[in-house]
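Here are some comments on this model, set out as numbered points. They deal with the enclosed spaces and with a strand pairing.

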Amino acid sequence: MSMYSIQLSLATLQAQKIRQECKNESADADYQSKAVRVVTREELDSKTGENDSEIWLSVLGEVFDVTEGKSFYGKGMSYSGLSGKDCSLGYVTGIFTAEEAAKDTDEITDDMIPGVLEWLSFYKTHDSYKFVGYLVDPRFYDEHGEPTAKLIATRKRISLLNKSK
């Protein structure tokens with residue numbers, strides 16, 4: 001192999017390395033632009049429609065903006081008890097209190113899971129309600145928007161239940 005061939009091979013390898021580094025930087029920039037929004041419980045608590053705030057609610061730690069439905073979720077309306085909290089259990093028990101919202105996901109029985117999933121699907125597919133982010137709560141997501149062990153266990157229960165049907 002001539003000196004020229006070796007130099008050409010080295011130049012080709014350097015060019016490939018630079019292209020790969022650019023791809024990685026581009027991928028990192030793309031990832032950062034799609035970063036997950038995390039919502040604290042305090043922030044969610046403040047989104048009840050009072051004082052002209054937005055109205056948010058959460059199902060299994062997924063937070064949705066339901067401000068467009070203020071005639072349902074606004075103060076004094078039929079579903080106002082869902083506003084500003086995660087009421088995963090409340091969707092199937094019909095109890096929309098702070099105490100019910102604080103209950104652990106372990107209290108969702110296998111018979112209740114389809115109802116919770118129906119509500120989650122409703123918010124995910126509704127034209128007027130928009131996904132906001134993930135709720136930072138030991139039952140659902142950590143401060144980085146990653147599922148907690150508790151949520152992973154809940155998802156496994158759901159998956160096993162779906163397979164047994």
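1. In this predicted model, the largest cavity is lined by Leu60, Ile108, Ile113, Val116, Leu117, Thr154, Arg157 and Ile158, and its volume comes to about 40 Å³. Helix H6 (113-125) and helix H7 (149-163) each contribute at least two residues to this lining, which by class is made up of six nonpolar residues, one polar and one charged.

2. The structure holds two cavities of 30 Å³ or more, and the second largest has a volume of about 30 Å³. Its lining consists of Asp86, Ser88, Leu89, Ala101, Lys103, Asp104, Thr105, Ile108 and Arg139, and here the classes divide into three nonpolar, two polar and four charged residues. Ile108 appears in the lining of the largest cavity and also in that of the second largest.

3. Leu60, named above as a lining residue of the largest cavity, lies in the turn of a hairpin formed by E2 and E3, where two residues separate the strands and Leu60 itself has a positive phi of about 50°. The two strands run antiparallel, with four bridges joining E2 to E3 (residues 62-65), and Trp56 stands opposite Asp65 in E3.

4. How are the faces of strand E2 (residues 56-59) covered? In a regular strand the side chains alternate between the two faces of the sheet. In E2, Trp56 and Ser58 lie on one side and Leu57 and Val59 on the other, and all of these are buried, which leaves both faces of the strand covered.

Definitions and conventions. Residues are numbered from 1 along each chain as its sequence is written. This is a predicted model: local features need pLDDT of at least 70, side-chain atom pairs count only at pLDDT 80 or more; totals for chains, interfaces and linings use all residues. Side-chain values use heavy atoms; hydrogens and water are left out. Buried means under 20% relative accessible area, exposed over 50%, partly exposed in between (1.4 Å probe, protein chains only). Two strands pair if DSSP finds at least two bridges between them. On a 1 Å grid over the protein atoms alone, a cavity is a set of points where a 1.4 Å probe fits but cannot get out, and a pocket is an open set with protein on both sides within 12 Å along at least five of seven lines; lining residues have an atom within 4 Å of a point. Grid points are joined across faces, edges and corners, and a volume is the space filled by probe spheres set on the points. Ala, Val, Leu, Ile, Met, Phe, Trp, Tyr, Cys and Pro count as nonpolar, Asp, Glu, Lys and Arg as charged, and the others, Gly among them, as polar.
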